[in-house]
Structures are given as structure tokens and as C-alpha cells.
Amino acid sequence: MLDLGANSCNIARALVRENPDPDPAHPESPPLAVSSNIAELVAAETSSALLHRDADLPFNTQVPSLKITRYVLEDEERLPFDRDSFDCVLSSCSLHWINDLPGVLSQINGVLKPDCPFIGAMLGGDTLFELRTSIQLAEQERRGGISPHVSPLADVRDVGGLLQKAGFQMLTVDVEDIVVDYPDMFALMEDLQAMGEGNCVLNREMGPIGRDVLLAADAIYKALHGNEDGSIPATFRIIHMIGWKEGENQPKPLKRGSGQVSLKDVLEKNK
């Protein structure tokens, strides 16, 4: 398996965790038994320091049959792996940093073996729309114009088409909004900076945002989007996607018009 954009090997950590996905309604979740069926997980990341940060932690050897191999990428948009070499490619919230997303998806399809899946999740769509609109309105009010502060993000409506153009079959695309409350806009921006998700748009205005603009944006944020308790919400839209590389024995849809059962009849029976 290939973990593309591995960060500090978060997927490897989840594979071996005893309680991988706790939920308030069901605090205990069973371990992912799939980890014992993986011979090698190749964690690929452009930042060597981040990739090797947790190399000495117990999760690296917790499952003896699972080998974790760290690979530093010279360019996140050029995959230096042989064609048909992976049984699965995973990517968790790193593809929003890719400039040439169609090209990378095509390369992912190339390194997969036939009839094997790509499973990914990426930030997209209306992610942080509250922060973006508040800063734009504040800049318009205080400076008479706006400057880009967030890289362009793919929309859920585009992802299916991109996967199809890259050669993937049997597509599944879904979207999930995760809303996190913060005490104010400054706490949110500090958290984004600590996540390494700062502004990297090349044609942005250099230097920090002016204090007057920030104070105005915080007030606008609370006025337009604030919660009753005084906190502010921040929306992170996660686009989930699954696509399979074409294979000989892969199920294929029937030709249009060849159906023997009317969908209308099925829906009426289930009313």
C-alpha cells in the first residue's frame, strides 16, 4: 500500500491503534484487522523532518507483520514508483496542496495494479468559508480591495469528473462537513499556522495582514457566523473518494437501455 502525503504517518498510526475511531455515541471502536493483512505500507511525504518525526514511537513495530517504509518525495507531483506496483493507494487530506490534481490522479492510476483501489480524502469546496468571507469583507471595508489568502480548492462536483478522466472505474464520491468551534478568529488562525496550512499563494500580497483588517474581520466573523455562546464555527469540508483501476475481471455497468426492471416500479413498491 502507498500512503501519498503521509504527513507523520497518520494512516500507519490508525492502522495499528487499538481504538482507531472513537465516537461519542460508541467510545470504543474495534481495531482495524486489515493491518495484519498488509505486508508493507510505503509512507511518501515531501517533508523529511515531518515524515521521520515519529519514527521511534511504538506504533512503527506494534504489528510485526506490517513493514512501514518511509520515502521522501522530491516533488509531490511526480511519483517515482513503477507502474502496476501497489495493491492500494491512500491519501488523507494532502491532495489540496497539489497544483496539477488531474496529473497526479493519472499517476496514481498508473502505479496501481489492475482492479485495485485508490481511497482518498481531501479538503475542498466551502472549507473555511466563514474565515474567507470575513477577511474579504474586512479588506474591502478598510482597504477598498481584497487579496487572495486561500489556495483554490476543488469542488465535490469536479472530483468525480477528474477521477473518471484519470481512468478510474466504479467511482464513489461523498462529502462531509466537520465544524470546529473556536473562541475567536485569532485562535483559529493560530491553529491553522500550527497545522502548516498557512497561505502559500504565489501572487498574494507579501507581509502580515494589517491589525485593523484583522480586528475588523474578527468582528465581522462573530456578527455573521458567531454562535450564541460567543464562539465561532469553522467549517472543514472533506471530500471522500474511491476509484478502482480498470481490470479484466472487474464488474462493469450494463449498456444503457438494457435494464429489465423499471426503477419507477421499484420506488413505488417501497413507498
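This passage walks through a strand and its partners, a pocket, two nonpolar cores and one tyrosine in a predicted model.

A good place to start is strand β7, which spans residues 232–245. Of the 14 residues in this strand, 10 are buried, so that β7 is mostly covered under the cut-off of 20% relative accessible area. Strand β7 has pairing partners as well. With strand β5 (residues 117–123), β7 forms an antiparallel pair over 7 bridges; within that pairing, leucine 123 has isoleucine 238 of β7 as its bridge partner. Strand β6 (residues 168–182) is also antiparallel to β7, and 13 bridges join these two strands. Here phenylalanine 168 can be found opposite lysine 245 in β7.

The strands just described return in the lining of the largest pocket. This pocket has a volume of about 1,300 Å³. It is lined by 41 residues, and Asn10, Ser92, Cys93, Ser94 and Ala121 are the closest to its centre. At least two lining residues come from each of β1 (2–4), α1 (10–16), β4 (89–92), β5, β6 and β7. Among the contributors, β7 gives the most, with 5 residues. Sorted by class, the lining contains 25 nonpolar, 11 polar and 5 charged residues.

Next come the nonpolar cores. The largest one has 28 residues, and Phe81, Val89, Leu101, Leu105, Ile108 and Phe118 are those with the most contacts inside it. Elements that each supply at least two residues of this core are β1, β2 (40–45), α3 (101–111), β5, α5 (156–165) and β7. Helix α3 gives the most to this core, with 5 residues. Another core, of 20 residues, lies apart from it and includes Leu123, Leu128, Leu214 and Tyr221. For a view inside the largest core, leucine 105 is a helpful guide: not counting residues up to four places away in sequence, leucine 105 touches Phe118, Leu162, Leu163, Ala166 and Phe168.

Finally, tyrosine 182 is worth finding in the structure; this residue lies in strand β6. Is tyrosine 182 buried or exposed? Tyrosine 182 counts as buried because its relative accessibility is 10%, and the cut-off for buried is under 20%. Along the chain, tyrosine 182 and serine 231 are 49 residues apart, yet their C-alpha atoms are separated by 5.6 Å. Ser231 is also one of the contacts of tyrosine 182. Leaving aside neighbours within four places in sequence, the others are Ala187, Leu188, Asp191, Ile232 and Ala234.

Definitions and conventions
Residues are numbered from 1 along each chain as its sequence is written. This is a predicted model: local features need pLDDT of at least 70, side-chain atom pairs count only at pLDDT 80 or more; totals for chains, interfaces and linings use all residues. Side-chain values use heavy atoms; hydrogens and water are left out. Buried means under 20% relative accessible area, exposed over 50%, partly exposed in between (1.4 Å probe, protein chains only). Helices (H or I, at least four residues) and strands (E, at least two) are DSSP runs, numbered from the N terminus. Two strands pair if DSSP finds at least two bridges between them. On a 1 Å grid over the protein atoms alone, a cavity is a set of points where a 1.4 Å probe fits but cannot get out, and a pocket is an open set with protein on both sides within 12 Å along at least five of seven lines; lining residues have an atom within 4 Å of a point. Grid points are joined across faces, edges and corners, and a volume is the space filled by probe spheres set on the points. Ala, Val, Leu, Ile, Met, Phe, Trp, Tyr, Cys and Pro count as nonpolar, Asp, Glu, Lys and Arg as charged, and the others, Gly among them, as polar. A nonpolar core is a set of buried Ala, Val, Leu, Ile, Met, Phe, Trp, Tyr and Cys residues joined through side-chain atoms within 4.5 Å. Contact means heavy atoms within 4.5 Å.
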